[in-house]
Amino acid sequence: MAVIKETRRDRIFNGINLIIVTVCLLLVLYPLYFVVICSFSNPNSVAAGEVWLYPKDITLDAYKTVFENKDILIGYRNTIFYTIVGTLFNLALTLPAAYGLSKKNFMGRNVIMFFIVLTMYFSGGMIPTYLTVRGLGLLNTWWALIIPAGCSTYNLIVARTFFANGVPSEIEEAAIIDGCSTFRVFFQIVLPLSKALIGVLTLYYGVAHWNEYFRALIYLSSAREKVPLAQVLREILILNTMKATAGSSVDEEMALYYANLANLLKYALIIVSAAPLLVVYPFLQKYFDKGVMIGSLKG
Amino acid sequence: MNSVQSVSGQKSKTKRKSILKRLIRDYQLYLLVLPVIIWYIIFAYVPMYGLQIAFKDYNGALGITASPWVGFKHFQSFFRSYYAWTLIKNTVILAFYSMIASFPFPIILSLLLNEIKNAHYKKCVQTVLYAPHFISLVVLVGMLNLFFSPNGLIDNIRSLLGAESVNFITSPGAFRHLYVWSGIWQGTGWGCIIYLAALSGVDPGLHEAAMIDGASRLQRMWHINLPAILPTATILFIMNAGSLLNVGFEKAFLMKNDLNADTAYVISLYIYDRGIIKTDFSFSAAVGLMNNVINFFMVLIVNRIAKALSETSLF
């Protein structure tokens, strides 16, 4: 490759390219960074527009207010529950089905796949789905955010493609000749070979559960104690329902401080709600490319 | 079962037997798939059956099947309503603006990223660019509210430049731009993954040959790399067209307020208001069905156009 020397033109190209990409990087990074530094800054400094590149008058007041709020803590607990149980349910439904549908000796698999893929392009829509969930008696129960979210067609296709191409069929055939049942082949041979796939699906499903608010909005309308964090976030971030209490103080300076704090705690809340993802993000990163790659093989 | 067998003769009898044999032999395979089939029947096909309430006056006491038929009454009353054309206009503008504006960015960015030689820096940039994809819509809209309201980040920058304070969050004129460009901010990095994968599959021989012929980096990017990712881009474009009118209920719902409703009120929000809030199930199911059918035809049309233009198509 490196036989031909770079021309001056190419070096200029390199420089401009590097600048454009770096500008893109900063455009994405700065808003995120800004949220982080604001969450640690003094509310008055943020309101006055004095925070630009680093936190000013570092304080943890915003975080204290967030962790003193009962709604947030309950929402956090609920979201952890939905994410863990929901993702396990997703995997239990998706993985075996995708394996079965990837086998050529499965009669009628094309017909079944057709009816599954069709749902990506045509669906009953919001209202009939709502009536179905209501008819099943799932409204305002814990299951409302788990069972109706059971399977995503896109993820099912990703998994099926993986099983069809990613697992060497010789190993399975050898096991069957040795008298292994399909169940045993799947659970003891195929699944242990599919760690990359399980990682990708856990990531996709887990993030979807963590960020879910739409189903909570329509299915949990009168189950206050069961709403996930995203719903609480909506109330505080967008509907502005939360006020930082100034106690009994009537001091004007303090009142202003608390008014600004009510705004500032939103920055802290964003960080708190995204913290688990930020923690696992570096570990999951290797799965990103893989996931999209597996999915794009279909057809 | 018996009478069918005797009519259809010996040949199909043996065939049927072998099918039965295969079913019994592979029964565990079918057991693995059974739960998902049941799930799709309940959560995808039962609602599709329930769509018939769009042509009925749904009555909770009678149930879906026994409610009386009313034909196209709900469709007519939607099109006669004061809202109908505003809703359709808002939805279509937002959908097309979003699709057209956000489509080129991942292509351009992945072409540029692909030219970065320092692998470490490239990896670093990718890590940051993917991150917004995982931010929930609630947080994204929350950030928009913080940044674009008075005393927010944007306001502070404007005041540095000497411009007056504007509340973008409640401005009908700003809604579409905020919606689309925040989507671009969030989705461009993630959208690059698939193009970068396609670019890594480009035959290095092509580049070597072009270099020997004296092609510059820019020329090679334009004449080798861009054509290499066009088929992928076409497929993605068709798939986007299919969800065109499914204008994100979630994001529009979060961004809409009383003051920007002139542009922010889209069909899916109307379905929610009429269906879930006012429990006018039949009417809102009819509006949803209309939306759905248009979507379905959009895929077919865009697919046909793409086929004619580039010989790449989804089906």
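## Helix packing, domains and contacts between chains A and B

Helix 6 of chain B makes a right-handed crossing with helix 10 of chain B. The model is a predicted one.

**A crossing within chain B**

Helix 6 of chain B spans residues 104-114, and helix 10 of chain B spans residues 172-200. Their axes come within 7 Å. The crossing angle is roughly 55°. Angles from 35 to 65 degrees fall in the oblique class, so helix 6 and helix 10 of chain B are oblique to each other.

Which residues of helix 6 of chain B meet helix 10 of chain B? They are Phe105(B), Pro106(B), Ile107(B), Leu109(B), Ser110(B), Leu113(B) and Asn114(B). From helix 10 of chain B come Ile184(B), Thr188(B), Gly191(B), Cys192(B), Tyr195(B), Leu196(B) and Leu199(B). This contact between helix 6 and helix 10 of chain B holds ten nonpolar residues and four polar ones, with no charged residues.

**A crossing between the chains**

Two packed helices are described by the angle between their axes and the distance between the axes. Helix 1 of chain A (residues 8-39) packs on helix 7 of chain B (residues 119-130) at about 35°. Here the axes are 9 Å apart. The crossing of helix 1 of chain A and helix 7 of chain B is left-handed.

Helix 1 of chain A contributes Val21(A), Leu25(A), Val28(A) and Leu29(A). Helix 7 of chain B answers with Val125(B), Val128(B) and Leu129(B). By class, the contact of these two helices has seven nonpolar residues, no polar ones and no charged ones.

**The contact of chain A with chain B**

Chain A puts 73 residues into the contact, and chain B puts in 74 residues. Which element gives the largest share of chain A's side? Helix 1 of chain A does, with 15 residues. The side of chain A that touches chain B has 49 nonpolar, 18 polar and six charged residues.

**Domains**

In chain A, the domain assignment gives domain 1 as 8-67 + 242-296 and domain 2 as 90-209. The C-alpha centres of these two domains of chain A lie 37 Å apart.

In chain B, the assignment gives domain 1 as 2-66 and domain 2 as 81-310. The centres of their C-alpha atoms are 39 Å apart. Six residues of domain 1 of chain B are in contact with five residues of domain 2 of chain B. On the domain 1 side of chain B, the touching residues are four nonpolar, no polar and two charged.

**A covered helix in chain A**

Helix 6 of chain A (residues 126-135) is mostly covered. How many of its ten residues are buried? Eight are. They are Met126(A), Ile127(A), Pro128(A), Thr129(A), Tyr130(A), Leu131(A), Thr132(A) and Val133(A).

The cover comes from both chains. It includes helix 11 (214-219) of chain A. Chain B brings helix 2 (27-50), helix 15 and helix 16 (281-310).

**Ile267(B) in helix 15 of chain B**

Helix 15 of chain B, part of that cover, runs over residues 267-277 and contains Ile267(B). Is Ile267(B) buried or exposed? A residue is buried if 20 or more other C-beta atoms lie within 10 Å of its own. Ile267(B) has 26 and is therefore buried.

Leaving aside residues up to four places away in sequence, Ile267(B) touches Leu87(B), Thr91(B), Val287(B) and Asn291(B). The C-alpha atoms of Ile267(B) and Asn90(B) are separated by 8.1 Å. Along the chain, Ile267(B) and Asn90(B) are 177 residues apart.

**Positive phi values**

Most residues other than glycine have a negative phi. The table gives residues with a positive phi.

| Residue | Phi | Place |
|---|---|---|
| Gly137(A) | near 75° | follows helix 6 of chain A |
| Asn140(A) | near 60° | loop between helix 6 and helix 7 (153-166) of chain A |
| Thr279(B) | near 50° | loop between helix 15 and helix 16 of chain B |

Asn140(A) is a residue other than glycine, and so is Thr279(B). Where do they stand on exposure? Asn140(A) has 14 C-beta neighbours inside 10 Å, so Asn140(A) counts as partly exposed. Thr279(B) has 12 other C-beta atoms within 10 Å. The exposed class takes 12 or fewer, so Thr279(B) is exposed.

Key. Residues numbered from 1 in each chain as written. Chains lettered and ligands numbered in written order. Predicted model: local features only at pLDDT ≥ 70, side-chain atom pairs only at ≥ 80, totals over all residues. Axes fitted to C-alpha atoms, helices over the stretch in contact; angles between N-to-C directions. Helix = DSSP H or I, 4+ residues; strand = E, 2+ residues; numbered from the N terminus. Parallel < 35°, antiparallel > 145°, perpendicular 65-115°, else oblique. Left-handed = near helix turned anticlockwise from the far one by under 90°. Contact = placed C-beta atoms within 7 Å. Nonpolar A, V, L, I, M, F, W, Y, C, P; charged D, E, K, R; others polar. Domains from an automatic or database assignment.
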